[in-house]
Amino acid sequence: RAGYALTFARYALQRDKEIVLKAVQHDGAALACASSELQSDKEIVMEAVRKRGGALKYACKTLQAEKEIVMEAVRQNGLALEFASKTLQSDKDVVMEAVQQDGRALQFASKTLQSAIQEDSRALQFAGETLRSHQDVLVSC
């Protein structure tokens with residue numbers, strides 16, 4: 001609940017790196033309540049996405065485009081690919097990591113990568129059981 005408490009904290013506390021770090025270590029979603037400066041802090045964002053991949057949504061655009069951060073987010077939650085930069089949504093390594101974690105992440109991959117997977121159905125063997133078991137995702141490809 002410490003992460004949730006940050007919602008009600010005064011702005012000065014939402015700007016305090018030590019407090020925000022503890023909050024995101026408890027619940028990555030607390031990044032949503034951090035100051036914009038701390039949403040741009042690599043250490044804070046990394047801790048947040050380790051705990052909850054979807055916290056990538058609250059990171060600054062620069063960090064949403066940083067491969068190391070995005071890889072950590074999609075390892076934790078493949079659907080965090082939705083919040084990655086367009087460039088990283090086109091990155092084969094990032095997309096494959098996301099899809100292996102959750103096959104539904106394919107919907108957030110670039111159209112180019114989706115097409116490549118559609119054209120080469122052999123690539124599905126690398127997607128993992130999650131993707132292969134989701135008929136709705138396979139049909140949409």
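A residue is called buried here when its relative accessible area is under 20%. In this predicted model, that description fits Ile44, Val45, Met46, Ala48 and Val49 of helix H4.

**Overall architecture**

The chain contains 11 helices and 0 strands, so that, by the DSSP runs on which the assignment rests, its pattern along the sequence is written α-α-α-α-α-α-α-α-α-α-α. Of the 141 residues in the chain, 43% are buried. Where contacts join residues at least 6 apart in sequence, 41% of them link residues at least 24 apart.

**Helix H4 and its packing against H3**

Helix H4 spans residues 42-51, and at its start a side-chain oxygen of Asp41 comes to within 3.0 Å of the backbone nitrogen of Glu43. The cover over the buried residues of H4 includes H3, helix H5 (61-64) and helix H6 (67-76).

Helix H3, which comprises residues 17-26, packs on H4 at an angle of about 15°, and the two axes lie 7 Å apart. Because of that angle, H3 is roughly parallel to H4, and the crossing of the two helices is left-handed. On the H3 side the contact is formed by Lys17, Val20, Leu21, Val24, Gln25 and His26, while H4 contributes Glu43, Ile44, Glu47, Ala48 and Lys51. By class, the residues of this contact comprise 5 nonpolar, 2 polar and 4 charged. Ile44 and Ala48 take part in the contact with H3 and are also listed among the buried residues of H4, and Glu43, whose backbone nitrogen is approached by Asp41, likewise belongs to the contact.

**Helix H8 and its packing against H6**

Helix H8 covers residues 92-101, and its buried residues are Val94, Val95, Met96, Ala98 and Val99. The N-terminal end of H8 is capped by Asp91, which places a side-chain oxygen 2.9 Å from the backbone nitrogen of Asp93.

H6 and H8 pack at an angle of about 15°, with a separation of 8 Å between their axes, and they are therefore roughly parallel to each other. Their crossing is left-handed. The participating residues are Lys67, Val70, Met71, Val74, Arg75 and Gln76 of H6, together with Asp93, Val94, Glu97, Ala98 and Gln101 of H8; they divide into 5 nonpolar, 2 polar and 4 charged. Val94 and Ala98 thus appear in the contact with H6 as well as in the list of buried residues of H8, and Asp93, which supplies the backbone nitrogen in the cap, is a further member of the contact.

The two helix pairs are set out below.

| Helix pair | Angle between axes | Distance between axes |
|---|---|---|
| H3 and H4 | about 15° | 7 Å |
| H6 and H8 | about 15° | 8 Å |

**Residues in the loop between H4 and H5**

Cys60 is located in the loop between H4 and H5, and with a relative accessible area of 17% it is buried, because the cut-off for that class is under 20%. Leaving out residues up to four places away in sequence, Cys60 touches Gln39 and Ser40. The C-alpha atoms of Cys60 and Ser40 are 5.2 Å apart, although 20 residues separate the two along the chain.

Lys57 is found in the loop between H4 and H5 too, but its relative accessible area of 45% makes it partly exposed. When neighbours within four places in sequence are set aside, Lys57 is in contact with Gln64 and Phe83. From Lys57 to Gln39 the C-alpha to C-alpha distance is 10.0 Å, for a separation of 18 residues in sequence.

**Around helix H9**

Ser110 sits in the loop between helix H8 and helix H9, the latter comprising residues 111-119. Its relative accessible area is 14%, and Ser110 is therefore buried. Apart from neighbours within four places in sequence, Ser110 is in contact with Gln89 and Ser90.

Gln114 belongs to helix H9 itself and, at 15% relative accessibility, counts as buried. Beyond residues up to four places away in sequence, Gln114 touches Leu106, Gln107, Phe108 and Ala109.

Methods. Residues are numbered from 1 along each chain as its sequence is written. This is a predicted model: local features need pLDDT of at least 70, side-chain atom pairs count only at pLDDT 80 or more; totals for chains, interfaces and linings use all residues. Side-chain values use heavy atoms; hydrogens and water are left out. Helices (H or I, at least four residues) and strands (E, at least two) are DSSP runs, numbered from the N terminus. Buried means under 20% relative accessible area, exposed over 50%, partly exposed in between (1.4 Å probe, protein chains only). Contact means heavy atoms within 4.5 Å. Axes are lines fitted to C-alpha atoms, for helices over the stretch in contact, and angles run from 0 to 180 degrees between N-to-C directions. Angles under 35 degrees count as roughly parallel, over 145 as roughly antiparallel, 65 to 115 as roughly perpendicular and the rest as oblique. A crossing is left-handed if the near helix is turned anticlockwise from the far one by less than a right angle, and right-handed if clockwise. Ala, Val, Leu, Ile, Met, Phe, Trp, Tyr, Cys and Pro count as nonpolar, Asp, Glu, Lys and Arg as charged, and the others, Gly among them, as polar. A polar contact is a pair of N or O atoms within 3.5 Å; within protein, one must be able to donate a hydrogen and the other to accept it, and residues adjacent in sequence count only if both atoms are side-chain atoms.
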